[in-house]
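Student: I would like to take a close look at one part of this protein, the open and enclosed spaces in it and the residues around them. Could you walk me through it slowly?

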Amino acid sequence: MKKIFWFTAALFLAGMAISCKKADNTSVIIYTSTEDFRTEHMQELLREQFPNYDITLQVLSTGNHAAKLKAEGTQTEADIILNLETGYLEGLQDIMADLSGYNLSEFLPEMIPASKRFLPWDKSSGAIVINRSKLENSGLPVPNSYQELLSPVYKGLISMPNPKTSGTGYMFLVSLINAWGEDAAFEYFDRLAENILQFTTSGSGPVNALIQGEVAIGLGMTLTAVNAINTRGVPLELLYFAEGAPSITTSFGIIKGKETRPIVREVFEFAMTKLVKDDKELYCPEPVMVNQINTIPNYPRNISYANMDGVYDLSLKERLLEKWKY
């Protein structure tokens, strides 16, 4: 009876090992911080390309994405990282695989880090997004500058992402620090806060508030606003003030050690050759690739970008966010 027991147990354990190995050979986990509509499109493409693989796209906010990777290191369950703010990835280079063996010629050389531990996923700008009808119905003028947003007539009609939780909010903060100086920029946001209905946790929050008619003005993302215009017919307009459009880049790569798995390499190569290109053609056409063309309706061309020096400096970011009160 003992022999039968141990033989049965051995068969069970062997079966478990084979099952786990099979699951490991057909599963890939991707951490991403893309908006829902972009994530859904990627998931659809991945299902079509790899019907026999179990590919999970785990969506995390930018801050949680970076914190999770910092805590987990190379022991993370993630195999591939998509759309994480470049500044965070620069601080996580030690856990990212070397990508120098891949063909990187389709990416703008200035966007590829010397370490080649990650590649550019997108460049996204911020805009002052307005609902002109809501302003006109309230008898209010369209603002022409950041200073005009301080007028008390806009009290409760403005939404902005919180820099502590949103890369979009942080890029607005950095752009005005570079334009005016740190003290003047923080003083400005202290005054602007009096008109803010809500500091949203995500960069898409202000556009969502505009869609829902909660506010008339949002400091939001260009791509989110354009997507709302094109897919939902929302009557939004995008303004860019004299200081220029704040901008930030995100990047993608493979967790160190995971590049040895053929399935991970296969999915990553698909991301390099299909996912990133589709994302640029459909949603975020601002330049990260060679010969990239903007064909998206209503997406602004020739955007004049703000000075974004220091936006990827993590020690500066930590110091600035300690000063942020809201």
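Student: To start, which helices each supply at least two residues of the lining of the second largest pocket?

Tutor: Happy to help! Keep in mind that this is a predicted model. The helices you ask about are helix 3 (62-72), helix 4 (86-91) and helix 11 (314-323), each giving at least two residues to the lining of the second largest pocket. That pocket has a volume of about 310 Å³. You can find its lining by looking for G63, A66, A67, K70, Y88, G91, L92, L314, K317, E318 and L321. Sorted by class, these residues are six nonpolar, two polar and three charged.

Now move to the largest pocket, with a volume of about 370 Å³. Its lining has 23 residues, and those closest to the centre of the pocket are S33, E35, T62, G203 and M221. Two or more lining residues come from each of strand 3 (80-85), strand 4 (119-130), helix 6 (167-180) and strand 9 (247-254). By class, the lining of the largest pocket has 15 polar residues, along with four nonpolar and four charged ones.

Next come the enclosed spaces. The structure holds two cavities of 30 Å³ or more. A general idea helps here: when a probe the size of a water molecule is rolled over the atoms, it shows where empty space is left. The largest cavity has a volume of about 40 Å³. Its lining is made by T62, G63, E85, Y88, P163, K164, T165, S166, G167 and K317. Some of these names should be familiar: G63, Y88 and K317 line the second largest pocket as well. By class, the lining of the largest cavity has five polar, three charged and two nonpolar residues.

The second largest cavity has a volume of about 30 Å³. Around it you will find G126, A127, I128, Y146, F172, L239, Y240, F241, G244, A245 and P246. Strand 4 gives the most to this lining, with three residues. By class, nine residues of the lining are nonpolar and two are polar, while none is charged.

Helix 6 deserves a pause, since we have already met it at the largest pocket. The helix has 14 residues and reaches 20 Å from its first C-alpha to its last, close to the 20 Å expected at 1.5 Å a residue. Is it enclosed or open to the outside? Because 11 of its 14 residues are buried, helix 6 is largely enclosed by the rest of the structure. The buried ones are G167, T168, G169, Y170, M171, F172, L173, V174, S175, L176 and I177. Of these, G167 lines the largest cavity, and F172 lines the second largest cavity. As a general point, an α-helix has 3.6 residues a turn, so residues three or four places apart point the same way. Look at the two ends of helix 6 as well. At the N-terminal end, S166 acts as a cap, with a side-chain oxygen 3.1 Å from the backbone nitrogen of T168. After the helix comes G181, whose phi is positive, near 100 degrees.

Three single residues can round off the tour. Start with R38, which is found in helix 2 (residues 36-49). R38 has a relative accessibility of 1%, so it counts as buried. The side chain of R38 makes a polar contact of 2.7 Å with the side chain of D122. Leaving aside neighbours within four places in sequence, R38 is in contact with N83, W121, D122, L223, D279, Y283 and C284.

Then turn to Y31, in strand 1 (residues 27-32). Y31 is buried too, with a relative accessible area of 0%. The side chain of Y31 makes polar contacts with the side chains of E72, at 3.3 Å, and T76, at 3.4 Å. Leaving aside neighbours within four places in sequence, the residues in contact with Y31 include Q58, L60, H65, K68 and L69.

For a contrast, finish with A242, in the loop between strand 8 (237-239) and strand 9. With a relative accessibility of 83%, A242 counts as exposed. The C-alpha atoms of A242 and W324 are separated by 24 Å, and the two residues are 82 residues apart along the chain.

Terms used. Residues are numbered from 1 along each chain as its sequence is written. This is a predicted model: local features need pLDDT of at least 70, side-chain atom pairs count only at pLDDT 80 or more; totals for chains, interfaces and linings use all residues. Side-chain values use heavy atoms; hydrogens and water are left out. On a 1 Å grid over the protein atoms alone, a cavity is a set of points where a 1.4 Å probe fits but cannot get out, and a pocket is an open set with protein on both sides within 12 Å along at least five of seven lines; lining residues have an atom within 4 Å of a point. Grid points are joined across faces, edges and corners, and a volume is the space filled by probe spheres set on the points. Helices (H or I, at least four residues) and strands (E, at least two) are DSSP runs, numbered from the N terminus. Ala, Val, Leu, Ile, Met, Phe, Trp, Tyr, Cys and Pro count as nonpolar, Asp, Glu, Lys and Arg as charged, and the others, Gly among them, as polar. The expected span of a helix is 1.5 Å times one less than its number of residues. Buried means under 20% relative accessible area, exposed over 50%, partly exposed in between (1.4 Å probe, protein chains only). A polar contact is a pair of N or O atoms within 3.5 Å; within protein, one must be able to donate a hydrogen and the other to accept it, and residues adjacent in sequence count only if both atoms are side-chain atoms. Contact means heavy atoms within 4.5 Å.
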